[in-house]
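These are my notes from one sitting with a single model. I list what I looked up, in the order I looked it up.

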Amino acid sequence: MEHSYRYRAYPTEGVADELEHQVDIHRQLYNHVRWDYTNSPVDAKPSEFDQNNKLPEWKQKWPVFAETYSKAAQATVARFHRNLSNLRKQKENGHTVGRLKRQAPTDYRSVTYNQSGFDLDEKRGQDGFAYVRFSKVGWVKIRYSRPIPADSSIKEATFKKETTGEWFVSFGLEIDDANLPEKPDVDSLNPSNSVGIDLGILNYIHTSDGKTVDWLDLEGEYERLRRAHRKLSRKEHGSNNYENQRVEVAKAKRDIHRKVLDYQHKITTWLVKEYDAVFVEDLNVQSMLRADGSGRNKQDAAWRQFITLLEYKGDVYGTHVVQVEAAGTTKECAVCGVESSKSIWVREHSCPSCGFETDRDANAAMNVLQRGFSELGLGWPESTPVETVTATDTADLQRMSASHVIETGSLST
C-alpha cells in the first residue's frame, strides 16, 4: 500500500534560496518537455522514455538543466506525461479539454526526488525535529511530528512551497501489504456490522443505521476570507501591499482546507473503527458541482477527498471500503425498489407503492448498504428487513454534532 507523510519545513535563508532555485529550474524543464512534445510531429510524439533519453543532450545544450539531480529531472518529465495521461482520460470520459498550459512561476511550486537524491536523518535534529538532505540543495529542517513507520520504505521525497510562503516536505511511503491488518471475512458481514453512507447536503453524512453527522461550521472562516478578498481588491496589483494581502488570502484558504481535512480524518477514522464494512457512493464529483446550484457546499465537502481518505483508512484499520453505483439511490425505495422522482428540496422519502416513509438521505444510505452487499456477492438477509436497519421516523435519528465526531475520532487519525 502506498501513502504519504507530510511535514512542515523550516529551511534557513540560504537553503530556501536553493529550494526556490531548484523549483524554478524544474519549472523551466517542465515547460521545455511540454514544448518538445507539442512541437513534435503528430505521428511521432515522444514518450516519457524518449524524453528521459534526451535529458543528457538538453543538459549539455542548456547548462541550467545540468543543475538538477538526475532522478528529480526524470520525475519532472514523468510529471508532464502523468498530466497528459490525466487529460486524455478526461477526454475519453466525454469532458471538453484543452491543452496542458505553460507553467508560470506562480503555478509550479514543487520538486520530487524519486528513489534517490535525498536522505532523512532522524537523529540530527533536536526533539521533535529532523533533517532531510536534498541533492543540489542541502539539509532542510522539518518538524518531525510523526516518525516514519518501521515497516515502511521511502520511495520518493518532495519539497513544496505553498501559496502562503510555507515550505513542506512529503515522503511517498510503501508499506508491505503483509504488515496490514487482515480484513474480516466477507461471509461474516451483516447489516449490524456494516454501514451504507449517503453524502448529503443538509447533513455531512447520513448512515444506514440512523446516524447523521453535522456540517462543520466554517462561516467565521469564510467571513475572514471574504474580508481578505475585499482588501486585496483595493490593493495595487504587483505592489508589496498587494503581495502581503495575497498571502493573507492564501492563509485564509489554507485554514479552511486544514479544518475540512482534519474533520474528514476524524469522521473516516470513526467509521473504519466502528464498522467491518463501509459502503459509499461512487460520485461523479465534477457533474455534481455543476448541478443543483449548490456548488460551494459540495466543494467545501470535498467528497472525493473524503472517499480517498476512507479507502486509505480501510486498509490501515482492516475494514472493507467499497464504492457502489450512486445513480438512483435517492429515487429508489429501499424496501420495494420502486423509483419515484423528488426535487432537491423534498427531504422525505414516501414510497407511492409500498408506503415506506423515512428521511430522504436515510433511504439513500440504506440503498447504498444493499448495493454494497450485492457488490460483494452477498445476498440481503431476508430475516433482516430493511425497515429495521434504521428508524423510519426522522425524529428518532441519532444526530452527531461536529464536536462529538472530533472527540470520537481523536484517538487516532
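I started with S340 and asked whether it is buried or exposed. S340 has a relative accessible area of 14%, so it is buried, the cut-off being under 20%. I then placed S340 in the loop between strand 12 (320-325) and strand 13 (348-350). For its spatial relation to G328 I took the C-alpha atoms: S340 and G328 are 9.4 Å apart, with their positions 12 residues apart in sequence. I note here that I am working with a predicted model.

**Entry: the largest pocket**

I looked up the volume of the largest pocket and got about 2000 Å³. Its lining has 49 residues, and those closest to the centre are S4, Y5, R6, R146 and L261.

Which elements supply at least two residues each to this lining? I listed strand 1 (2-9), strand 6 (152-161), strand 7 (167-175), helix 5 (240-274) and helix 8 (303-317). Helix 5 gives the largest share of the lining, with 10 residues.

I also sorted the lining by residue class: 16 residues are nonpolar, 16 are polar and 17 are charged. By domain, I found at least three lining residues from domain 1 (2-175) and at least three from domain 2 (186-376).

**Entry: K273**

I stayed with helix 5, which also holds K273. K273 comes out as partly exposed, because its relative accessibility is 42%, between the limits of 20% and 50%. I checked K273 against G318, which is 45 residues away along the chain; their C-alpha atoms are separated by 8.8 Å.

**Entry: the N-terminal annotation**

I looked at what UniProt records for residues 1-32. The record, an unreviewed entry, places the feature "domain: Transposase putative helix-turn-helix" there. In the model I computed the make-up of residues 1-32 as 62% helix and 25% strand. The C-alpha atoms at the two ends of this span lie 33 Å apart.

**Entry: Q51**

I found Q51 in helix 2 (residues 48-61). Its relative accessibility is 0%, so I count Q51 as buried. Which partners does the side chain of Q51 have? I noted a polar contact of 2.9 Å with the side chain of D36. I also noted that a polar atom of the Q51 side chain lies 3.2 Å from the backbone oxygen of V33.

**Entry: K211**

I looked up K211 next and placed it in strand 10 (residues 211-213). Why does K211 count as buried? Its relative accessibility is 13%, and the class requires under 20%. The K211 side chain makes a polar contact with the side chain of D209, at 3.2 Å.

**Entry: positive phi**

I turned to backbone angles. Most residues other than glycine have a negative phi. Q115 has a phi near 75°, a positive value, and is not glycine. I located Q115 in the loop between strand 2 (110-114) and strand 3 (118-121). With a relative accessible area of 55%, Q115 is exposed.

K136 is another non-glycine residue with a positive phi, near 75°. I located K136 in the loop between strand 4 (129-134) and strand 5 (138-143). K136 is partly exposed, as its relative accessible area is 44%.

**Entry: A150**

My last lookup was A150, in the loop between strand 5 and strand 6. Is A150 buried or exposed? I read 86% relative accessibility for A150, so it counts as exposed, the cut-off being over 50%. I paired A150 with I175, 25 residues away in sequence, and found a C-alpha to C-alpha separation of 9.3 Å.

Notes. Residues numbered from 1 in each chain as written. Predicted model: local features only at pLDDT ≥ 70, side-chain atom pairs only at ≥ 80, totals over all residues. Heavy atoms only, no water. Helix = DSSP H or I, 4+ residues; strand = E, 2+ residues; numbered from the N terminus. Buried < 20%, exposed > 50% of the residue type's maximum accessible area, 1.4 Å probe, protein only. Polar contact = N/O pair within 3.5 Å; in protein donor to acceptor, adjacent residues only side chain to side chain. 1 Å grid on protein atoms, 1.4 Å probe; cavity = no way out; pocket = protein on both sides within 12 Å on 5 of 7 lines; lining within 4 Å. Points joined across faces, edges and corners; volume = space filled by probe spheres on them. Nonpolar A, V, L, I, M, F, W, Y, C, P; charged D, E, K, R; others polar. Domains from an automatic or database assignment. UniProt positions renumbered as here; feature names shortened; annotations may be inferred.
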